Amino acid sequence: DSRQMKNGGMYIPLKGERFDGHDFIESAFQTGATAIITAKDVSYPDKIVIKVEDTYQALKDMAIYLRSHRPVKVVGVTGSVGKTSTKEIIASVLEEKFKVLKTEGNYNNEIGEPLILKIRDEHEVAVIEMGISDFEEMHRLAKVSRPDVCVITNIGTCHLENLGDRDGVFKAKTEMFDYASKDCFVVLNGDDDKLSNVKEVNGHAPVFFGIDTDRDVMAIKYESLGIRGTKVKIKYFDKELDTVIPIPGYHMIYNAMAAVCIGSHFGMTLDEIDSGIRNLKAIGGRNNIFTTNGITVIDDCYNANPMSMKASINVLSQANGRKVAILGDMFELGENSKELHKEVGQAAVGKVDILVCIGNLSKDIAEAAIEGGCNTLYFPNKADFEENLSAYIKEGDTVLI
């Protein structure tokens, strides 16, 4: 990003759907860049200019080179739902003992993942979130990161436009294993019907965690603390850990179990792991809870698919006072989009006091919710909703966005 250059920085212009970073080379130099990598012919005699065929490839090539020249261990995290929150809780645990680099915010794609370039000598572990929407994309990501640890949270109904069905999602996500280290430690959700069939990766059996199935790593007791989180007892083989996950949601139990597996793998004590879980902080757009003008807001607005929307509705249902859910369209769901939107509407029945649906596709959420007797408002766009905001939301409400 040309606006974020610092003195001595190198600017790498990338061409996207709407912008071509090459148009901002001048701006990058003005902001403080002293070097650029470019795919276009440009003339800056007093600057360092490196000409390449493809700036995306250059970015990845540099990341691949750096990965092979740093002794850092890499934890790769993927899955249909919960990648970011799992990455955050794993990093929070590992930070109790190690110098950790983690994917920033939601930079989890082919542009963001080569932020592995930020690895420095002091880093001992890098926790990399790996998001994909098509076949072969994970191969390209894993070729850069070469994970020593692979974590897959679940196989859900996202990016079906390209991946077809859950079998396609499974195939695409597990491409991660093809570039994992030969002694890779694999951690999988044993309650997921697709992942539970993985018998070995590079000759090593995965470690499975679960709530509904009997696994080596299990949540054997848990108690909701409402939107303040969850109290949980986790069994890790022959050891037990009592902890509190400070971010609400049943799904967070799975994320915590994954973090216990990773912390134990890296030789951490149960006390260190417990402290890391309790110190977890939410990030914007991912189950981030705050209060404004007497209204509690659950900010889960970064991106959504049917699984994550239902999980968020379940979190909202645990709040005190009136519960308002504001839901938008879910994209890239393929031919079953209509049915998948309707499922979300059905999931809201009995769990929210007011459901607000905004956008063309969300009309299906609204119709299914109305059919189930849920108090529902539908708006084609945000502007229409915002016109009478105070009529729908009151002080004391808890609002999921």
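**Notebook: helix α11, a pocket and a cavity**

I started with helix α11, residues 363–371, and looked up which of its residues are buried: D364, I365, A366, A368 and A369 are. Note to self: this is a predicted model.

Next I asked what covers those buried residues of α11. The cover includes two helices, α9 (306–317) and α10 (337–348). It also includes the strands β15 (323–327), β16 (354–358) and β17 (376–379).

Then I checked what follows α11, and found G373, with a positive phi near 90°.

On to the pockets. I looked up the second largest one, and its volume comes out at about 450 Å³. It has 21 lining residues, and the closest to its centre are N154, N189, H251, Y254 and M307. Which helix supplies the largest share of this lining? That's α9, with four residues. I also noted α7 (251–265), which, like α9, supplies at least two residues. Sorting the pocket lining by type, I got seven nonpolar, 10 polar and four charged residues.

Last, cavities. How many of 30 Å³ or more turn up in the whole structure? My search gave two. I picked the second largest cavity, which has a volume of about 30 Å³. Its lining is made of T86, T153, N189, F209, Y254, N255 and A258. Here α7 gives the most, with three residues. By type, I wrote down three nonpolar, four polar and no charged residues for this cavity.

One thing I underlined: N189 and Y254 are on my list for the pocket centre, and N189 and Y254 also line the second largest cavity.

Terms used. Residues numbered from 1 in each chain as written. Predicted model: local features only at pLDDT ≥ 70, side-chain atom pairs only at ≥ 80, totals over all residues. Heavy atoms only, no water. Buried < 20%, exposed > 50% of the residue type's maximum accessible area, 1.4 Å probe, protein only. Contact = heavy atoms within 4.5 Å. 1 Å grid on protein atoms, 1.4 Å probe; cavity = no way out; pocket = protein on both sides within 12 Å on 5 of 7 lines; lining within 4 Å. Points joined across faces, edges and corners; volume = space filled by probe spheres on them. Nonpolar A, V, L, I, M, F, W, Y, C, P; charged D, E, K, R; others polar.
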